[in-house]
Amino acid sequence: MRRLLWGLVALALAVGAFWLWVVWPPGEAARSERAGVDRPSDIPAIAEIAPPLVAAPALCVGSEAGPPGAAAANAASLSTLAWSPFGKPETGWEIYAPRIAAEIGTSCAAGSEGFAAALARWQVANRLPRTGVMDAAAFAVMLPRWHLARPFVQVNRDGVCPGAPAPTSLATARPDESYGGKTIQLRPAALEAYRRMTAEARAAGVPRRPEALKIYSGFRAPDADAQRCARDRNCQGLIRTICSAHRTGLAVDLFIDAAPGFGPDSSADANRLAMARSPLYRWMVSNAGRFGFVNYVYEPWHWEWTGEPLLPGTPIVSLPQAGAEPVTEPLEGSTPQTPAAVSAARNRR
């Protein structure tokens, strides 16, 4: 009798295992493997599926500790570091923290052990002392790379100002895509890329304000820019330049966020900090590159599309110089072949 009971139990287990193997619905990949059939080429493997659109800085992957004291030093200097990364005094580096985190390949908070560990690895790879502490020396290595990711800058540093497209070749943004009722024009492919990027951001639920991602500056005619420079006497400084990326029809200024009492294009540190803290800017840093957009990191709102070549240009020295001011940025990369004014001009928009 006992043997019969054990036999019935074994039979029941076998039937249950068979049912789970054959009847229970498996995943598509599992069914294909059992049948010995290759997956269709248009079905991605798990490793090929893109990560979530929205980066999650709170989810800091990895428990590696940074160099002793580095995390605490970063947490303190995030809001206290006295430096001049763009030639004017600033306090703290939180404005640039999202871009720095992307550079060193981490989603960890700036004052965490994970961030310090990632920064230490980056420092070693770039032949800097392995301190794990964010400082001006590390930023000085990062900044030129960010500048040179902009094709506009690559041309600018050689003393050339890109050409402007014919007005008849430009596409006009819809009223719901522009900020404040302005007429916004861009090269057609750039506008389409903007629309794809905006659609994904909205589908992911990233924008939190109705005006988010609306465009408040697109193509700007070179003649109008030159007249503004002459009138306002404020070009060749940190914010404006006699050769603007907006003349290409590939640059956009987007509503990212704004601190109370500031407009979306104010370069005040408090306003830029509010943008840097916004989920939208962090999403842009992580995802805009997939749509061909790169950022001028001093201005969280300024993005340039890289999906088509710049038009042939003219020497910067041949442009109207009225309104030019002394350059205030660090003149990194200045050489006898690249005059200081030209070298620094590549930092601006």
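Glutamate 177 and arginine 195 form a salt bridge, with their closest N and O atoms 2.7 Å apart. The glutamate sits in the loop between strand S4 (171-172) and strand S5 (185-186), while arginine 195 belongs to helix H8 (residues 188-203), so the bridge ties together parts that are 18 residues apart in sequence. Their surroundings aren't alike: glutamate 177 is buried, at a relative accessible area of 4%, whereas arginine 195 counts as partly exposed, at 21% relative accessibility. Keep in mind throughout that this is a predicted model.

This pair has company. Salt bridges with shared partners join Arg174, Asp176, Glu177, Glu192 and Arg195 into one network. Across the whole structure there are 16 salt bridges.

**Two other salt bridges**

Let's move on to glutamate 304 and arginine 150, which also form a salt bridge, with the closest N and O atoms 2.7 Å apart. This one links distant parts of the chain: glutamate 304 is in strand S9 (residues 302-305), arginine 150 is in the loop between helix H6 (136-148) and helix H7 (151-156), and 154 residues separate them. Are these two partners buried or exposed? Glutamate 304 counts as buried because its relative accessibility is 4%, and arginine 150 counts as buried too, at 1%.

Then there's arginine 209, whose side chain meets that of aspartate 257 in a salt bridge at 2.9 Å, N to O. Here again distant parts of the chain are linked: arginine 209 is in the loop between H8 and strand S6 (215-217), and aspartate 257 is in the loop between strand S7 (251-254) and helix H10 (269-277), 48 residues apart. Arginine 209 is partly exposed, with a relative accessible area of 32%, but aspartate 257 is buried, at 18%.

Here are the three pairs together:

| Acid | Base | Closest N to O |
|---|---|---|
| Glutamate 177 | Arginine 195 | 2.7 Å |
| Glutamate 304 | Arginine 150 | 2.7 Å |
| Aspartate 257 | Arginine 209 | 2.9 Å |

Aspartate 257 is worth another look. Which residues does aspartate 257 touch, not counting those up to four places away in sequence? They are Arg209, Pro264, Ala274, Met275 and Ser278. With arginine 209, the side chain of aspartate 257 also makes a polar contact of 2.9 Å.

**The four-stranded sheet**

S9, where glutamate 304 lies, is part of a sheet. Four strands make up this open sheet, in the order S6-S7-S9-S8, and they pair antiparallel. What about the edges? S6 and strand S8 (293-295) stand there with a single partner strand each, so one side of each has no neighbour in the sheet. On average, neighbouring strands are turned by 40° against each other, direction ignored.

As for what holds such a sheet together, strands pair through backbone hydrogen bonds, in either a parallel or an antiparallel way. Between S6 and S7, which run antiparallel, there are two bridges. One residue to find here is serine 217, whose bridge partner in S7 is aspartate 253.

Which helix packs on this sheet? That's H8, which touches S6, S7, S8 and S9, and its direction makes about 85° with that of S8. H8 is also the helix that holds arginine 195, from the opening salt bridge.

**Two helices and what covers them**

Next up is H6, with its 13 residues. From its first C-alpha to its last, H6 reaches 19 Å, close to the 18 Å expected at 1.5 Å a residue. Its buried residues are Ala138, Phe139, Met142, Leu143, Trp146 and His147. These pack against strand S1 (82-83), helix H4 (97-104), helix H5 (113-125) and H7.

Helix H11 (residues 279-287) has its own buried set: Leu280, Tyr281, Trp283, Met284, Val285 and Asn287. What covers them includes H4, H8, S7, H10, S8 and S9. H4 thus turns up beside the buried residues of H6 and those of H11.

**Stepping back**

How many helices and strands does the chain have? There are 12 helices and 10 strands. Of its 349 residues, 42% count as buried. If you take the contacts with a separation of 6 or more, 67% of them are between residues 24 or more positions apart.

Notes
Residues numbered from 1 in each chain as written. Predicted model: local features only at pLDDT ≥ 70, side-chain atom pairs only at ≥ 80, totals over all residues. Heavy atoms only, no water. Salt bridge = Lys/Arg side-chain N within 4 Å of Asp/Glu carboxyl O. Buried < 20%, exposed > 50% of the residue type's maximum accessible area, 1.4 Å probe, protein only. Pairing = 2+ DSSP bridges. Axes fitted to C-alpha atoms, helices over the stretch in contact; angles between N-to-C directions. Contact = heavy atoms within 4.5 Å. Polar contact = N/O pair within 3.5 Å; in protein donor to acceptor, adjacent residues only side chain to side chain. Expected span 1.5 Å × (residues − 1).
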